[in-house]
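Reader: I would like to go through this structure with you, and for each label you use I shall ask what it rests on.
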Amino acid sequence: MSQFYTSADHFTIIPAVMLALFGCAILLFDFLIFPDPRQRKWLVLFVAAAEVFTGYGLYQQYAYLAANGLSELTGFQGSVTVDGFGIFFNWIFLAAALIVALVSYKYLEIAGEHHGEYYALMLFAQCGMFFLATGTDLITLFIGLELMAISFYVMVGFLRTDKRSNEAALKYLLLGAFSSGFLVYGFSLMYGMAGSTKLADVAAAMSSRSSWDPVVVLAVITTSVGLLFKISAVPFHMWAPDAYEGAPTTVTAYLSVASKAAAIAFLLRIFLGPLASSREAWEPLLAAVAVATLTLGNLAAINQTNIKRLLAYSSISHAGYMLLGLVAGNDTGINGIAVYVMVYTFMNLGAFLVVISLRRQNIIGEDLDDISGLMRKSPGHAVLMLIFLLSLAGIPPTAGFLGKYYIFLALIQTGHYTLAVVATLYVAVAIYYYFKIVRSMFIGEVTEKAPLATSFGLRLALVVSGVLTLAIGIYPEPFLRLAQTSLLR
Amino acid sequence: MDQHLLSIVLFTPLAGMAILLFIPSESKRLLRMWANLAAFAGFLVSLPLVSRFRADVSGFQFEERASWIPTLGANYHIGIDGISLLLLMLTTLVGFLAVLSSWNAVHDRAKGYYAMFLLLQTGMIGVFISLDFFLFYIFWELVLVPMYFIIGIWGGPRKLYAAIKFFLYTLAGSVLMLLGILTLYFQHFSQFGTYTFEIADLMNLHMTLGMEQWVFWAFFLGFAIKVPMFPFHTWLPDAHVEAPTAGSVILASVLLKMGTYGFLRFSLPLLPKASVDQTIVQILAVLSIVGIVYGALVSLMQQDWKKLVAYSSVSHLGFCTLGIFSMNPNGIAGSVLQQVNHGISTGMLFLIIGVIYERRHTREISEYGGLAHVMPKFAVIFAIAMLSSAGLPLLNGFIGEFTILQGAFEASRVWAAFAVTGVVLGAAYLLWLYQRTMLGQVTNGKNLGLPDVSFREIAVFAPLIAWAFWIGIYPKPYFDILRRPVTEIVQRVRPGYFGAPAALAGRGQAAVAQVRSAQ
């Protein structure tokens, strides 16, 4: 037995340590030096500092791997594995957290709930995400998942005086706990087969059994249910529209992007690790779930009049596209998921940022009517929103097209022609509801004159997301190379 | 300068748009002048292409290639051959005239309007010059967004319905086309080990007939919806009727040609086996003929001036696709020429409707009558446009339709016989339209005081009229330009067409003879 906590171990979890330390520091400093709520916006600087240190840690890990020609670095007897995949996903969490922190202070001030804990929770959630992307042990993964989920339960209910926010938090908590139960049941079956919680051991134990072995099938089903809950795939999507609608919009943005990315990373770790050998058992299952997710997500979005709800259903459909990459299952598909997650992060965040700008004093600003005539009132916001929506729909030359491109290509390569046709036709359905927003913005009349909420952080975040969404679409080469590093597993 | 000429042509409108965005919305006059200037500059920079284009060289000219997304194997690769040159010139000229014709028509949100037209212009040019399938697809989709806004913001009463219908129809077709593209892309990887979107490389693929057929149908959906071929045409009347005048002009003159161009540039050369497959050819020919006759019959019944012209497009584009699927030099060369002709004559017809709509704000044919007495100059212009569309000898429409019918006759007499009815019906609905609106006595008092066409309006029509006469009287330069690309396409889909391989050296001459006989 090696030492309990070596410096090599420490090196693998530096980013998470930074996040946890800064999270605690925020709790402390909030109470010591920022008693005046108006001063609390400076806490964003703490988040920024935390991300700088985290980013530096990630960069060091990446540089170490590259310098030594390693594909991975393990710590804690194989519980944590830092590889290209984990680092790539952590960059995404980092970008999402930074952008969300930048826009949060104004929103929370307007909502009258600006507390330091919010930023601490953001960092704790990100800490959980770190372990979801790098964990290679059932226990580590589960703890990471719960750390993330519990932070989110609190953040979703952060508007204490708002009934919708409370209801959303409760629903999310109950369904989340329910799904964690399924997941743990699946994990316990895996442990039963392998006698170990290490993913590698579980994989070895499961590959020695037939894919149709009852225990294997049961483990696959229960684990899948738990994981599909987390990425809000149909039929386990019910929590998403309510949680998205009720949560503070900044939390919705964070939830829809970072939490989904982390859940996808988690899902890939499990399905490409322990469950890889029982592919024939779950591939048809996932294909059916993906099609159902695309269908329900896209069709239900058509009739929504609340923009947050509409985006919630659209984000369900995006989970369907990502699942299709896993159904294809070849390198193109996995790389495609990484690209998809990356572009989805910026375009979906961007769309939510515009919704956040619509929230003003005494104006909730979530309905289609609230965005009406935006082009006349604030052309910059309207054009950015157009770019984000085109990207979400997958129209070139925006980033979203590339995500879909990889998924379609992977499906064609692996001979899933029918799935490819279904997936492409839903692009046309999606354009219909995204363009409901566009129509309202560009063709509708101005219904209320109050100017949009704005702040330095909000402007910066909008411009960054907009520029990235266009840049990835027009000159994707560097971004595609970055995403390819995620194949190093 | 010279080696980047094509890029300059491509990006001039986009640069114009970028500068336009910095002009304040209040200074409408400046906006208008700048947009016209940018569009005119776009036309001017494309003129050297004509003078420097060499009809006696095979392959593509003015080629430019730069690495773009090596990870995917997509390049920035552009170039033109005779077919692209004609459509490109049509685009730059009609694009400018469409902007010019909007001088008085658009006051509300003029900045956005002109920005959309300039963006559209770059997108359309890109479609006609891309030699990389990925690049082509980007431009192909790029066109949708500005057109949606042009119809949706500045259109008529049912603009929202028409705009989203246009968008959804064409998008559904093009995403399926994307699957076809990806199939070729993947096939190239599995056969040659490299990922590429280069059309020249994709031509080396060997695929089974069944695979080619699948890809063909995927492409077909993308292109046929754009053309539009019967039965995918239902978006067209809506879009045309609701679009503002300049939007209709661009839509009819250029946008629809993207579909026929797609067949010529991609479907035929990349999928030669499927393209000559008898079932496919029969189906497409029948759809074309149904389009010709159905479009003409529906045109006869229209009460709305603009709808009539819109359905006439369905009929005329039927000729173009019939020419393509005759699969012989006459049919294809005639088809390309007819595409240009349709751009000129239907563009003029829509401009004419715009002129009269600006004055009377109605398109009901029954509201008019005897306009020739009130607006004599207008009547002359309309007569020329109408006769050019109807295919009167000495005007452009005749030579195009005639060559197509020759090609169709060579392929099947039955096709030609049915297609000829389209010519007759075409003359019928156009002449009847002219009679109802222009001839006789002025029956409606509101028409009495209408001003005749202004100098600016004449300036819009003049180049198109001149072009119509040029093609009608002396089409030889056009057939010269088209000879080589058309020969290459026919050679590709029907290797035995020009005789045995031993006679290959003389195939150019054979094609000349074939095409010459068309004149």
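Reader: Among contacts in chain B between residues at least 6 apart in sequence, what percentage join residues at least 24 apart?

Author: The model is a predicted one, and in it 79% of the contacts in chain B between residues at least 6 apart in sequence join residues at least 24 apart. For chain A, where the contacts considered again have a separation of 6 or more, residues 24 or more positions apart account for 80%.

Reader: What makes chain B as compact as a globular protein of its length?

Author: Chain B comes to 22 helices and 2 strands. Its radius of gyration is 22 Å, which is close to the 24 Å that the globule rule gives for 519 residues, and therefore chain B is as compact as a globular protein of that length. Along the principal axes, the C-alpha trace of chain B spans about 70 × 55 × 40 Å, and 59% of the 519 residues count as buried.

Reader: How do you know how compact chain A is?

Author: The secondary structure of chain A comes to 20 helices and 2 strands. The globule rule gives 23 Å for 489 residues, and the radius of gyration of chain A, 21 Å, is close to that value, so chain A is as compact as a globular protein of that length. The box filled by the C-alpha atoms of chain A, taken along the principal axes, is roughly 65 × 55 × 45 Å, and 60% of the 489 residues of chain A count as buried.

Reader: What is the span of helix α12 of chain A set against?

Author: Helix α12 of chain A, residues 279-302, has 24 residues, and the distance from its first C-alpha to its last is 34 Å, which is close to the 34 Å expected at 1.5 Å a residue. The buried residues of this helix include A:W282, A:L286, A:V289, A:V291 and A:L294, and what covers the buried residues of α12(A) includes α9 (214-230), α13 (307-328) and α18 (417-442) of chain A.

Reader: Why is B:N328 called buried?

Author: A residue is buried if 20 or more other C-beta atoms lie within 10 Å of its own; B:N328 has 22 C-beta neighbours inside 10 Å, and therefore B:N328 counts as buried. B:N328 is found in the loop between α14 (305-326) and α15 (329-360) of chain B. Leaving aside residues up to four places away in sequence, B:N328 touches B:G407, B:E410, B:A411, B:V490 and B:Y497. The C-alpha atoms of B:N328 and B:V493 are separated by 9.5 Å, although these residues are 165 residues apart along the chain.

Reader: Why is A:F76 called buried, and what is the sign of its phi?

Author: A:F76 has 20 other C-beta atoms within 10 Å, so A:F76 is buried by a cut-off of 20 or more. Its phi is positive, at about 55 degrees, although A:F76 is not a glycine, and A:F76 lies in the loop between β1 (72-75) and β2 (80-83) of chain A. In chain B, B:F62 has a phi near 55 degrees, a positive value in a residue other than glycine. B:F62 lies in strand β1, residues 61-69, of chain B, and with 22 C-beta neighbours inside 10 Å B:F62 counts as buried.

Reader: Which domains is chain B divided into, and how many residues does the contact take from each?

Author: Chain B is divided into domain 1 (1-271) and domain 2 (277-475), and the contact takes 35 residues from domain 1 of chain B and 36 residues from domain 2 of chain B. On the side of domain 1 that touches domain 2, the largest share, 11 residues, comes from α11(B). That side of domain 1 has 25 nonpolar, 9 polar and 1 charged residues.

Reader: How many residues of chain B are in contact with chain A, and which helix of chain B gives the most to that side?

Author: In the contact between the chains, 24 residues of chain B meet 24 residues of chain A. On the side of chain B that touches chain A, α7(B) gives the most, with 13 residues, and the residues of that side divide into 20 nonpolar, 3 polar and 1 charged.

Notes. Residues are numbered from 1 along each chain as its sequence is written. Chains are lettered from A and ligands numbered from 1 in the order in which they are written. This is a predicted model: local features need pLDDT of at least 70, side-chain atom pairs count only at pLDDT 80 or more; totals for chains, interfaces and linings use all residues. Helices (H or I, at least four residues) and strands (E, at least two) are DSSP runs, numbered from the N terminus. The expected span of a helix is 1.5 Å times one less than its number of residues. A residue is buried if 20 or more other C-beta atoms lie within 10 Å of its own, exposed if 12 or fewer, and partly exposed in between; C-beta atoms are placed from the backbone. Two residues are in contact if their C-beta atoms, placed from the backbone, lie within 7 Å. The radius of gyration is taken over C-alpha atoms; the globule rule is 2.2 Å times the number of residues to the power 0.38. Ala, Val, Leu, Ile, Met, Phe, Trp, Tyr, Cys and Pro count as nonpolar, Asp, Glu, Lys and Arg as charged, and the others, Gly among them, as polar. Domain bounds come from an automatic or database domain assignment.
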